[in-house]
2 protein chains.
Amino acid sequence: MLSVTCKAAIKAVIYLGSMFKSGEKFGIREIADQIDENEHTVGKLLQKLAKAGLICSAKGPNGGFYIIENQMKLPILAIVEAIDGTDVFNQCGLGLHKCSAAHPCPIHNDFKSVREGFRMLCSEKTIEDLCLPVNSGIAYLIS
Amino acid sequence: MLSVTCKAAIKAVIYLGSMFKSGEKFGIREIADQIDENEHTVGKLLQKLAKAGLICSAKGPNGGFYIIENQMKLPILAIVEAIDGTDVFNQCGLGLHKCSAAHPCPIHNDFKSVREGFRMLCSEKTIEDLCLPVNSGIAYLIS
DNA sequence: GTAATAAAAGTATTTAAATACTTTTATTTA
DNA sequence: TAAATAAAAGTATTTAAATACTTTTATTAC
Ligand code: FES
Ligand code: FES
């Protein structure tokens, strides 16, 4: 569904969100540890997210990545778009070059429903929403 | 969602199904052409499907791949399982090693619904079902 | 039985994602 | 201002999927 990098990105941002109240900044190493993902992958992806304005970064001593109130309100759709792009929400389930109702593949209607369900999930859930269960200990970012 | 190979497999089997009545057998080259997929990929995948009993094959002159009545009744789930396995129906949406309600990720419930929707699609639609719209010209296997 | 045909099988190459490494730049603190 | 810190950026390697090539085996037709 999503790339390894994109799933790591969502977990990284939720981690930052769950630490939002502390006001702290977090280094690449620490974030990678907390979400059990590859350090280098996480480094690259955090830079992309910062450049896209989805998280904030600060260089130098006491620097690191952090998230601000406005960013907490963003849907995870924003993260998916920044990392994987919008293909996942538009691609044909059987690999036709273009998904369209005018020239559909045999599973078009049913697949479109599934795909729209996933898009809905991504556009309705905000970082803030997903931090709640993590903060209250009923959902986890690591296995 | 599914690998390129798996999507090609579904299209290949639907193509064979749509030609079922003719009683003909079809070569790798012809099938690959008809579904606009790589010839080598199609060759490999047809062998796997034949070995799994999802389609039939015959060597020699006038040989090729074909499908029989019983096989037309199979859900496309059988194809997905033969090519990609069952991971797609069990994996965590955020990449945790194991998806479980006891140790869920923050999107577990919603993602599980989406995933179940896709499984439902795959287990309810049979080859036969998906051949109908192709035969009546309202769905297509190529762009 | 020989030749032709087409799948089966095994191996090799290509490509893109993921992961790893290195250098540079900005910021803070002393 | 100098040293330390940590992100930013660029490059390289690894890995797995996809694609390409080659050889073998089974079947048919003559
Ligand atoms: S055309 Fe295949 S999903 Fe829309
Ligand atoms: S634990 Fe993530 S989808 Fe179930």
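The buried residues of α3(B) are B:Val42, B:Gly43, B:Leu45, B:Leu46 and B:Leu49, where buried denotes a relative accessible area under 20%, exposed over 50%, and partly exposed the range in between, with a 1.4 Å probe and protein chains only. The model is predicted, so that local features need pLDDT of at least 70 and side-chain atom pairs count only at pLDDT 80 or more, whereas totals for chains, interfaces and linings use all residues. Residues are numbered from 1 along each chain as its sequence is written, chains are lettered from A and ligands numbered from 1 in the order in which they are written, and side-chain values use heavy atoms, with hydrogens and water left out.

Helices (H or I, at least four residues) and strands (E, at least two) are DSSP runs numbered from the N terminus. With 13 residues, α3(B) reaches 18 Å from its first C-alpha to its last, close to the 18 Å expected at 1.5 Å a residue; the expected span is 1.5 Å times one less than the number of residues. The cover over its buried residues includes α1, α2 (28-35), β2 and α5 (76-83) of chain B, contact being heavy atoms within 4.5 Å. At the N-terminal end, B:Asn38 acts as a cap, with a side-chain oxygen 2.8 Å from the backbone nitrogen of B:His40. After the helix comes B:Gly53, whose phi is positive, near 80°.

B:Asn38 also belongs to the surroundings of DNA strand D. Of the 25 residues around this strand, those that come nearest are A:Gly27, A:Lys44, A:Ser57, B:Asn38 and B:Pro61; a residue is near a strand if one of its heavy atoms lies within 4 Å of it. The surface near the strand divides into seven nonpolar, 13 polar and five charged residues. At least two residues of this surface are supplied by each of α3 (39-51), β1 (56-58) and β2 (64-66) of chain A and α1 (4-18) and α3 (39-51) of chain B. Sugar or phosphate accounts for 68% of the atoms of DNA strand D within 4 Å of the protein, and bases for the rest.

Individual atom pairs add detail to this surface. The side chain of A:Lys44 has an N or O atom 2.8 Å from a base oxygen of DNA strand D. The side chain of A:Lys51 places an N or O atom 3.2 Å from a phosphate oxygen of the strand, and a backbone N or O atom of A:Ile28 lies 3.4 Å from a phosphate oxygen.

Attention now turns to the loops. Most residues other than glycine have a negative phi. A:Asn62, in the loop between β1 and β2 of chain A, has a positive phi near 65° and is exposed at 73% relative accessibility. In chain B, B:Asn62 is found in the loop between β1 (56-58) and β2 (64-66); its phi is near 65°, and B:Asn62 is exposed at 73%.

Between the two chains, A:Val114 of helix α6 (residues 108-124) of chain A is buried at 9% relative accessibility. A:Val114 touches B:Met1, B:Val114, B:Gly117, B:Phe118 and B:Leu121. Within chain A, the C-alpha atoms of A:Val114 and A:Phe89, 25 residues apart along the chain, are separated by 9.9 Å.

Finally, the cysteines: the whole structure has zero disulfides over all chains, a disulfide being a pair of cysteine sulfur atoms within 2.5 Å. B:Cys56 forms none because its sulfur is 14 Å from the closest cysteine sulfur, in B:Cys131, too far for a bond. B:Cys56 is buried at 16% relative accessible area, and B:Cys92 is buried at 7%.

Conventions. A polar contact is a pair of N or O atoms within 3.5 Å; within protein, one must be able to donate a hydrogen and the other to accept it, and residues adjacent in sequence count only if both atoms are side-chain atoms. Ala, Val, Leu, Ile, Met, Phe, Trp, Tyr, Cys and Pro count as nonpolar, Asp, Glu, Lys and Arg as charged, and the others, Gly among them, as polar. Lists of a residue's contacts leave out its neighbours within four places in sequence.
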